[in-house]
Amino acid sequence: MIICACGSRSGFTYTMCSEARDGFLAKGFGVEVVYPIKMNISHCTGCGSCENGRGCVIDDDMKRIYDSFATSDIVVLCTPIHYSGSSSVIKTVVDRFQTLWPKASAGPKYMACMMCGGDAEPEFRGAMHVFKALAITAGSEWLGDLRISGTDSKSPSDIREECKEFISSISSGAFM
Ligand SMILES: Cc1cc2nc3c(=O)[nH]c(=O)nc-3n(C[C@H](O)[C@H](O)[C@H](O)COP(=O)(O)O)c2cc1C
């Protein structure tokens with residue numbers, strides 16, 4: 001599953017996800033891409049109802065992501081950098097995985113991320129901490145991360161090649 005936190009279909013994050021989807025399909029894998037911005041996903045309220053594996057009480061589109069997360073071999077988290085962190089779109093999804101805490105076993109075998117920022121040297125560490133915390137909580141092995149900088153002076157087609165190479169590198173490693 002690719003979790004694509006794009007804001008629109010004309011941007012860099014959508015391009016990263018399209019390349020990732022095409023790369024996995026070319027390797028013969030089934031791929032589901034989800035677009036949280038188009039889904040009805042509420043914020044985690046920290047109510048604690050999910051403790052001890054009881055699942056989330058909120059009835060919304062996270063159900064589709066929970067199902068896919070539990071059955072995918074690999075989950076790739078894709079986000080633009082917003083204010084030196086991940087976008088709020090994907091952070092909302094990550095927070096809803098409090099359902100996994102503290103059991104580190106219910107996730108995909110592998111996780112990875114793809115990030116892009118407008119600055120010449122974006123601050124990627126905040127998003128990395130969040131994504132790796134999810135991987136640890138899910139019991140997933142971290143396959144790698146793609147960090148694309150300088151998008152303010154690029155067009156989405158400029159980044160296709162590095163996305164292709166990244167997907168090729170992670171899918172020819174332990175995953176295969
Ligand atoms: C709300 C907001 C905050 C941003 N903050 C940062 C930032 O802290 N660092 C950075 O390098 N780029 C920042 N950017 C620029 C985006 O990361 C960059 O334009 C990215 O390529 C957008 O991806 P998209 O085309 O998928 O929307 C910000 C953009 C927005 C809209």
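Okay, let's start at the ligand. Sorted by class, the shell around the ligand has seven nonpolar, eight polar and one charged residues. And before I go on: this is a predicted model, so please keep that in mind as we look around.

Who sits in that shell? There are 16 residues around the ligand, and the ones that come nearest are G11, T13, G117, D119 and P122. If you think in terms of elements, α1, residues 12-26, and β3 each supply at least two residues of the shell. Which element gives the most? That's β3, with three residues.

Right, let's zoom out to the whole chain. You can count five helices and six strands. Walking along from the N terminus, the order goes β-α-β-α-β-β-α-β-α-β-α. The C-alpha atoms fill a box of roughly 45 × 35 × 25 Å along the principal axes.

What about the radius of gyration? For 176 residues, a compact globule would come out near 16 Å, and this chain has 15 Å, so the two agree. Of those 176 residues, 40% count as buried. And here's one about the contacts: take those with a separation of 6 or more, and 79% of them are between residues 24 or more positions apart.

Now let me pick one residue and follow it. I3 lies in strand β1. Is I3 buried or exposed? The cut-off for buried is 20 or more other C-beta atoms within 10 Å. I3 has 23 of them within 10 Å, so I3 is buried.

Who does I3 touch? Skip its neighbours within four places in sequence, and I3 is in contact with V34, P36, V75, L77, C78, I90 and V93. And how does I3 relate to the ligand shell we began with? Take G117, one of the residues that come nearest to the ligand: I3 and G117 are 114 residues apart in sequence, and their C-alpha atoms are 17 Å apart in space.

Two of the contacts of I3, I90 and V93, take us to helix α3. This helix covers residues 88-95, and its buried residues are V89, I90, K91, V93 and V94. A quick reminder on helices: an α-helix has 3.6 residues a turn, so residues three or four places apart point the same way.

And what do the buried residues of α3 pack against? That would be β1 (2-4), α2 (62-71), β3 (74-82), β4 (85-86) and α4 (125-138). You'll recognise two names there: β1 is where I3 lies, and β3 is the element that gives the most to the ligand shell.

Okay, that's my tour. Over to you!

Technical notes. Residues are numbered from 1 along each chain as its sequence is written. This is a predicted model: local features need pLDDT of at least 70, side-chain atom pairs count only at pLDDT 80 or more; totals for chains, interfaces and linings use all residues. Helices (H or I, at least four residues) and strands (E, at least two) are DSSP runs, numbered from the N terminus. The radius of gyration is taken over C-alpha atoms; the globule rule is 2.2 Å times the number of residues to the power 0.38. A residue is buried if 20 or more other C-beta atoms lie within 10 Å of its own, exposed if 12 or fewer, and partly exposed in between; C-beta atoms are placed from the backbone. Two residues are in contact if their C-beta atoms, placed from the backbone, lie within 7 Å. A residue is near a molecule or strand if its C-beta atom, placed from the backbone, lies within 6 Å of it. Ala, Val, Leu, Ile, Met, Phe, Trp, Tyr, Cys and Pro count as nonpolar, Asp, Glu, Lys and Arg as charged, and the others, Gly among them, as polar.
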